Amino acid sequence: VQLVESGGGLVQSGGSLRLSCAASESIRSISVMGWYRQAPGKQRDLVATITSGGSTNYVDSVKGRFTISRDNAKKTVYLQMNSLKPEDTAVYYCKMRARTLVTIELDYWGQGTQVTVSS
């Protein structure tokens, strides 16, 4: 199982980026999809999650600026990030709770994508 992330980069404060994370074809079903981030010297923290039914949850610091969405047919989760701030700088990781044809439900992580916001 592979999760492939894309969309990170360098942006000025106030700018926008859109992250994508696509799961490999071996995944049969996905319940929860989420985005986490890890800044240098800090632990990995939750940013946002979305359930199979479309319910979303955000950490307070990104509410009103970030939007998580998913395309079940494409097995892809997105994170639209607007009004970016320097404190949003981190490596962003996607996570999916999923099952394949041969495994029970497990958590899978992407490789991470760097987001850098300059002031």
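Which residue takes a positive phi in the hairpin of β7 and β8? I began my notebook with this question, and I kept in mind throughout that the structure is a predicted model.

**Entry 1: the hairpin**

I looked at the hairpin of β7 and β8, where 4 residues lie between the strands, and found that Lys75 is the residue with a positive phi, near 55°. I then followed the two strands of this hairpin and noted that β7 and β8 are paired in the antiparallel sense, with 6 bridges between them. As one example of a facing pair, I wrote down Ile68, which stands opposite Leu79 in β8. I also looked up how covered strand β8 is, and of its 6 residues, 76-81, 5 are buried, so I may call the strand mostly covered.

**Entry 2: the sheet around the hairpin**

Next I asked which strands make up the open sheet to which β7 and β8 belong. I read the order as β1-β3-β8-β7, a sheet of 4 strands with antiparallel pairing. At the edges I found β1 (3-6) and β7 (66-71), each of which pairs on one side only. Ignoring direction, I noted that neighbouring strands of this sheet are turned by 15° against each other on average.

I then went through the remaining pairings of the sheet. Strand β3, residues 17-23, is joined to β1 by 4 bridges, and the two run antiparallel. On its other pairing, β3 meets β8 over 6 bridges, again in the antiparallel sense. One residue of β3 came up twice in my notes: Cys21 has Glu5 opposite it, and Cys21 also stands opposite Val77 in β8.

**Entry 3: the disulfide**

Because Cys21 is a cysteine, I looked for a partner for its sulfur atom, and a disulfide is a pair of cysteine sulfur atoms within 2.5 Å. The partner I found is Cys94, with the two sulfur atoms 2.0 Å apart. By this rule I count 1 disulfide. The torsion about the S-S bond of Cys21 and Cys94 is about 45°, and therefore I recorded the disulfide as right-handed. Why does this pair tie together parts that are 73 residues apart in sequence? The reason is that Cys21 lies in strand β3, whereas Cys94 lies in strand β9 (residues 90-100). I also checked whether the two cysteines are buried or exposed, and both Cys21 and Cys94 are buried.

**Entry 4: charges over rings**

I then turned to the aromatic rings. Arg18 lies over the face of Tyr78, and I noted a distance of 4.1 Å from the ring centre. In a second case, the charged end of Arg44 sits over the ring of Trp109, 4.7 Å from the centre of that ring. When I searched the whole structure for rings that pair with each other, I found 1 aromatic pair.

**Entry 5: the whole chain**

Last, I stepped back to the chain as a whole and asked how many helices and strands it has. My entry reads 0 helices and 11 strands, so that from the N terminus on the elements run β-β-β-β-β-β-β-β-β-β-β. The radius of gyration is 14 Å, close to the 14 Å that the globule rule gives for 119 residues, and therefore I noted the chain as being as compact as a globular protein of that length. Along its principal axes, the C-alpha trace spans about 45 × 25 × 25 Å. Finally, I wrote down that 42% of the 119 residues of the chain count as buried.

Technical notes. Residues numbered from 1 in each chain as written. Predicted model: local features only at pLDDT ≥ 70, side-chain atom pairs only at ≥ 80, totals over all residues. Heavy atoms only, no water. Pairing = 2+ DSSP bridges. Axes fitted to C-alpha atoms, helices over the stretch in contact; angles between N-to-C directions. Buried < 20%, exposed > 50% of the residue type's maximum accessible area, 1.4 Å probe, protein only. Phe/Tyr/Trp six-rings, centres within 6.5 Å; stacked < 30°, edge-to-face > 60°. Lys NZ or Arg CZ within 6 Å of the ring centre and 35° of its normal. Rg over C-alpha atoms; globule rule 2.2 N^0.38 Å.
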